[in-house]
Structure formats: structure tokens, C-alpha cells
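Visitor: I should like to take a close look at a single part of this structure. Please show me the model first, and then I shall put my request.

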Amino acid sequence: MSKKDFLLEIMVEEIPSRFQSSAVDSFANLLISGFEKFRIAYENPVHYITPRRMVFGARLNPEIPGFTEEKKGPQVTAPAKTIDGFLKSINVSRDCCNEKVIDKKTFLVANVVHEPGVATDFLDVIVRDAVVGIPWPKSMHWGPKMFRFVRPITHIMCVFDGKLMPIGFDEIGLQSRDFTTGHLFMHRSDSGESLHVTADIDVEKIYAGNITEYLEKLREAFVIVDPEERKRVILQSVSAVESRHCGVCVEVPDALMNEIVGLVEYPVVFFADIPDKFMRLPEEAIIVPMRVHQRYFPTRMVDSQKLAPHFVFVANTMP
């Protein structure tokens, strides 16, 4: 049977930028490990992260073929309690086991038959284990809930083969849905009110059946899901700023760029001036606060390389 599209989005309250890259890699690896554990064939896995959402997409085989697995047990000379524990764990009798010599030692082995199944029987546990298993450097629980995550989870979207895939997180009062929403501030309902995914009214729902459709529709809703695309948008905008303001170049350190990419879902670049009275300060007294505290890009004069009385910053909304 041909593979079907699987799409998962975990919406969160502002994931710290410094945690994002390793967290989404771990999330994707945990999901893939789950597919492999339950022998769900997959292809084309992709994952993305923004400050507010972790996203995974792949194509999965909806059917799991039956197979026979050889289980190696204890040595035949092991205590009866050990052998009984092995037999109980795989639900077979001693008569169903064979003996196999490995490195001059004789072990019990059993052929365990796994019946054919369907992927939807296991996706709930795979997703839950992946969400819980992400190794955050710091995590929190919220309200009366003891469930821990980097920040409160506000919404879960999970779709398989174009249909809602039920995923339950009863401990935080959430069930998966088959829709998401766009930018927190710029994606608005017809009433003009801001949309919050946790609201049950005035929410403009975005439906998508696969990762390609999801990326396109989120882009229309002012969310660029792919961090590399957000980075390209910023760099292109910075180049445009330099073209408009001849004689000025923008300093874009990699570490600062990566941090800013993790702070915005829809980057908009602005050019601003520094008042003359501040330009009399030592250069480091101007640059360090801009980079470290405000996440601004300093500028320099192209000819002299002196600090220019301008800076560039990236906002998460259009003016």
C-alpha cells in the first residue's frame, strides 16, 4: 500500500531560541525511532521549528506487515526463575523454545510471531513518547499540572491520511485537533480581533493534509516555518538596506543571526538611526548593548570601517 501523509505540530509558548535547534532534532529522532520500533515504514521525514511551534512531517505506511522475530533468552542452565521470567515476557511456553549455541554457550530462543497491524494503533504512544522524551536543558510545569515541558503547550495538530489523528494529553487537558492558526498578531479573524489558538471563538482555522500544504498556508498566515527560510529573508532584507543606504554595511554575526531567527515567525527588517549624543560613547559601550540586550545589528561606514550612527533590527510584525 502507498504511504500516506503524517503531519504533526506542537504549539508552545515561546520556546527559547537557544534550545530550538537541538530540541527539534531530538523530537524528530524520537518520532523516527518510534516508527522503527513499531515497524512503521516511513519516507521523506522533515522537521522545522519556530518560537511557537515544533513541526514534523513524513509519509507513513498505514499498514504494518506481520513478521516473525527471534528472541534470545537466558542460557539453558539459568535458574528456573530467570527462564520463567523470559517465557512470561514473550508469552510462550518452554516447549515452544529452541536451543541455540552462541559462543559455545547454549541459549533459549523463541520465534515470536507479530500479527499484521495498522499505524494508527501506535501513533498516539509514539507522539506522546517523543514529546515527553525531548531532553530540555530546563523545563517547567504550569498551573496545577505536573507535566513538564520547556514552556506550556497550547495546541496540538495531528493529521494522518487527511484525517484527525487523536492524540491525548489528558494531564494537561489537551486533545489533538486537525487545524492550526497563523501569526499571533498579524493573522486575524474577520472581526479584526487577534487570534489565539486556545480560543474557541473567532479562530480562523488553518487546515492542511501534508507538510507542503501546511508550509504554504502558514506562509499566507504570516508564519515562515522553516528557520533557514527566515534566515534567508533577513539576509536579503539586510542586503536591501545596504543597497538603499550606500556607504553603510551591516554587521551580522552568526550567533546573533541564529538567535534572532529563533525569536520571530515572520521577520521584518528595519533601519534606524542612533542619536548623535550617543555616538560620543566608546564603541563597545554602543555595540555590546545593541547585540546582547536588544538584538540589534550595528552598522559601519564602508570606507573607514568606523561605527555608523545607524542600526538594523528585526521585528516579528509589519508596521
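Visitor: Which residue in S16 does Ala 272 stand opposite? Please describe the surroundings of this pair in detail.

Guide: The model is a predicted one. In it, Ala 272 stands opposite Phe 311 in S16. Phe 311 lies in strand S16, which spans residues 307-315, and Ala 272 falls within strand S14, residues 268-273. S14 and S16 are joined by 6 bridges and pair in the antiparallel sense. In general, strands of a sheet pair through backbone hydrogen bonds, in either a parallel or an antiparallel arrangement.

The two strands belong to an open sheet of 4 strands, whose order is S13-S15-S16-S14 and whose pairing is antiparallel. S14 is one of the edge strands, as is strand S13 (248-250); each of them pairs on one side only. In the stated order, S16 stands between S15 and S14. On average, and with direction ignored, neighbouring strands of this sheet are turned by 30° against each other.

A helix also packs on this sheet: helix H7, residues 283-294, touches strand S15 (297-301) and S16. The strand that carries Phe 311 is therefore one of the two that H7 touches, contact meaning heavy atoms within 4.5 Å. The direction of H7 makes about 145° with that of S15.

Turning to the helices numbered before H7, one finds helix H5 (residues 227-244) and helix H6 (residues 254-261), whose axes come within 9 Å and cross at roughly 115°. This crossing is right-handed. On the side of H5, the contact is made by Pro 227, Arg 230, Lys 231, Ile 234 and Leu 235, and on the side of H6 by Met 257, Asn 258, Ile 260 and Val 261. These contact residues divide into 6 nonpolar, 1 polar and 2 charged.

Another sheet may be set beside the one that holds your pair. There, 3 strands form an open sheet in the order S5-S7-S6, with antiparallel pairing. Its edge strands are strand S5 (67-75) and strand S6 (98-102), each pairing on one side only. Neighbouring strands in that sheet are turned by 40° against each other on average, direction ignored. S6 is joined to strand S7 (residues 105-114) by 5 bridges, and the two run antiparallel. Here Asn 98 stands opposite Val 109 in S7. Helix H2 (residues 80-90) lies across S5 and S7, and runs at about 165° to S5.

How values were computed
Residues numbered from 1 in each chain as written. Predicted model: local features only at pLDDT ≥ 70, side-chain atom pairs only at ≥ 80, totals over all residues. Heavy atoms only, no water. Axes fitted to C-alpha atoms, helices over the stretch in contact; angles between N-to-C directions. Left-handed = near helix turned anticlockwise from the far one by under 90°. Nonpolar A, V, L, I, M, F, W, Y, C, P; charged D, E, K, R; others polar. Pairing = 2+ DSSP bridges.
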